[in-house]
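Open the model in your viewer and keep the selection panel at hand. The tour goes stop by stop.

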Amino acid sequence: MASKAVTIGDLIHRVASSCLSNRFPANYAISDASDLDDEDDDPFADFGDAADAQECRRSPDKPAPRPAGAVEEQDEEVRKLKIWEEGEEEKRRNNVSATAVVAVAGEEVKKKERVERAGDAEALMAEVFDAVSGVRRAYAALQGAHCPWDPDRMRAADAGVVAELRHLARLRDRFRRSAASPGGRIPRASAQPLREAVAPYEAELDDLRRQLQGKQAEVDGLKERLATATSRRNARLHPSKKHHHIAAATDGVPTAELFVACAEQARAATRGFAAHLLHLLRAAGLDPAAATRSITKIPVNSSPHLARHALEAHATAVLLGGFEHESFYLDGSLSSLLDPAAFRRERYAQYRDMRGMDPGELLGVLPTCAFGRYAAAKFASLLPPRVEEAVLGGEHRAAGNGAHPRTPFYGEFLRAAKAVWLLHLLAFALEPPPSHFEAGRGAEFHPEYMESVVVAGRGAGAGTAGMVVGFAVAPGFKLCNAAVVRARVYLVPRGSRQ
């Protein structure tokens, strides 16, 4: 019964069936029996007359009684109908409430997402403004490191600018990823790609490698200076027969042996200066090969030894430029032609007087002496202006005006310049003066006149088969007693473009 739907038609049918199937009460009597006889063929005639009679006798205020079973069944049906209608209404209300709750929840979620996107956008813009400000500060620091020139500050400021630009690039990538993502959410800064996370460490590793190269160049320069100092010390403590002749010559007239020893000292000082210059190029963050090519015009690859030999060749060529003239062409003096003997004695006296002097102290007292003019002129032509500005800054500009700065680099230069100046004084103190020669590029290697800087110490001609001169490192000298100071050359394979 409960599972079957109850309709109004069913109720009416059931009420009518109940009324017809039950007997009438006793007070419903038929008043006219003849009517029953006349209407026997009408099965509902008695019911209609009885109903009329009952209607006439019934009190207007008292309803007609009905059977107890029918009334209870009808009430039960009505009650069930109301319960069903109430259940349907409750379901409808629940459905409406659930739909409303889902809609409200959806609106809350959308509102929360809009608020979060707005917050992410504001946070990203704040980071962008901070990054731009950081770039400006780093660039201002980079400009400040240029004047006055400070290589250490330059490297630190350059690393700062690169770091700020990388941070700005990461913010740009975050915004692009947010535009491409379905939700449009801007990822947080913690979600960095692996490449971006490793990039700062790679930059630091490159900086450490440059520092290591600079330290290695400094170690090489110190080794050169140690070797020179050791040789000088051994010469003083354990003088050989050759050094006995040299010591004796210092008290009388100059000799070829003294000139050969002085030439070796000049070469050692020039090598030390070249190693110091290479260290400064690396310390300034420059590519040693590219910087050496711009200074020397020699095709140099990435080999550090080749760069050092090329710088030594350049320094030697600058310092010995004009060596054949009595004043390095600094003036038009011709004293050697007017009184040759007196000129030779004067040159040898200058050699003995200056041999034990410190060049910096000498120029501090006599900055415009002949040696001071020579040092200033050679230093002015040593480095191109752009390289000098990048490596040394503006503190050495005064050297071109006759002043002599007291810096470690200029001190190294003065030691090399003094050695060449003493060699020049001794050359013009000899009779006749030594003649110098230089090997040209592509020339055949001759062990009796040339010494290879690559195979030095292995014996004459060792490892030189099929090799030709790549460039001359230092010129050679031929003395009056047929002694030869061999030229130093850098050998390359025949047909090489080096």
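**Stop 1: the core of a strand**

Select A487 and show its surroundings in this predicted model. A487 belongs to strand β6, which covers residues 487-493. Is A487 buried or exposed? A487 is buried, because its relative accessibility is 1% and the cut-off for buried is under 20%.

Now display the neighbours of A487. Leaving aside residues up to four places away in sequence, A487 touches R267, F437, Y449, M450, E451, A474, P475 and G476. Next, draw a distance from A487 to H446, C-alpha to C-alpha. The two are 41 residues apart in sequence and 10.0 Å apart in space.

**Stop 2: the whole protein**

Zoom out and colour by secondary structure. The protein has 16 helices and 6 strands. Of its 498 residues, 34% are buried. Switch on the contacts between residues at least 6 apart in sequence: 69% of them join residues at least 24 apart. Then show the surface. The accessible surface is about 30000 Å², and carbon and sulfur atoms account for 57% of that.

**Stop 3: a charged patch**

Stay with the surface and select K110, K111, R114 and R117. These residues gather in a patch of positive charge. Click R117 and return to the cartoon. R117 sits in helix α4, residues 68-146. R117 counts as partly exposed because its relative accessible area is 32%, between the 20% and 50% limits.

**Stop 4: E389 and W149**

Move to helix α15, residues 385-391, and pick E389. E389 is partly exposed, at 28% relative accessibility. Add W149 to the selection. E389 and W149 are 240 residues apart along the chain, yet their C-alpha atoms are separated by 8.0 Å.

**Stop 5: salt bridges**

Side chains of opposite charge can pair when their charged atoms come close. How many salt bridges does a search of the whole structure find? The search finds 7. Three of them are visited here.

Begin with E431 and R344. Their salt bridge has its closest N and O atoms 2.7 Å apart. This pair links distant parts of the chain, with the two positions 87 residues apart. E431 is in the loop between α16 (408-429) and β1 (435-437), while R344 is in helix α12, residues 340-354. Check exposure next. E431 is exposed, because its relative accessible area is 52% and the limit for exposed is over 50%. R344 is partly exposed at 23%.

Now select R415 and E412. Their side chains meet in a salt bridge, 2.7 Å from N to O. Where do these two lie relative to each other? Both are in helix α16 and 3 residues apart, so about one helical turn separates them. Compare their surfaces: R415 is partly exposed at 41% relative accessibility, whereas E412 is buried, with a relative accessible area of 6%.

Finish with E444 and R494. The salt bridge between them brings the closest N and O atoms to 2.8 Å. This pair also links distant parts of the chain, 50 residues apart. Look for E444 in the loop between β1 and β2 (450-452), and for R494 in the segment after β6. E444 is partly exposed, with a relative accessible area of 39%.

**Stop 6: a cis peptide**

Go back to E431 and step on to P432. What kind of peptide bond joins E431 and P432? The bond is cis, with omega at about -5°. P432 is in the loop between α16 and β1. E431 thus brings two features together: the salt bridge with R344 and the cis bond to P432.

**Stop 7: positive phi**

Two loop residues close the tour. Select K297, in the loop between α9 (288-296) and α10 (304-319). Phi of K297 is near 65°, a positive value in a residue other than glycine. K297 is exposed, with a relative accessible area of 68%.

Then select Y329. Y329 lies in the loop between α10 and α11 (335-338). Phi of Y329 is also positive, near 60°, and this residue too is not a glycine.

Note on methods. Residues numbered from 1 in each chain as written. Predicted model: local features only at pLDDT ≥ 70, side-chain atom pairs only at ≥ 80, totals over all residues. Heavy atoms only, no water. Helix = DSSP H or I, 4+ residues; strand = E, 2+ residues; numbered from the N terminus. Buried < 20%, exposed > 50% of the residue type's maximum accessible area, 1.4 Å probe, protein only. Contact = heavy atoms within 4.5 Å. Patch = residues over 30% accessible without salt bridge, like charges linked within 9 Å, V, L, I, M, F, W, Y side chains within 5 Å. Areas by Shrake-Rupley, 256 points an atom, 1.4 Å probe, with all protein chains shown as cover. Salt bridge = Lys/Arg side-chain N within 4 Å of Asp/Glu carboxyl O. Lys, Arg positive; Asp, Glu negative; His and termini not counted. Charge placed at Lys NZ, Arg CZ, Asp CG, Glu CD.
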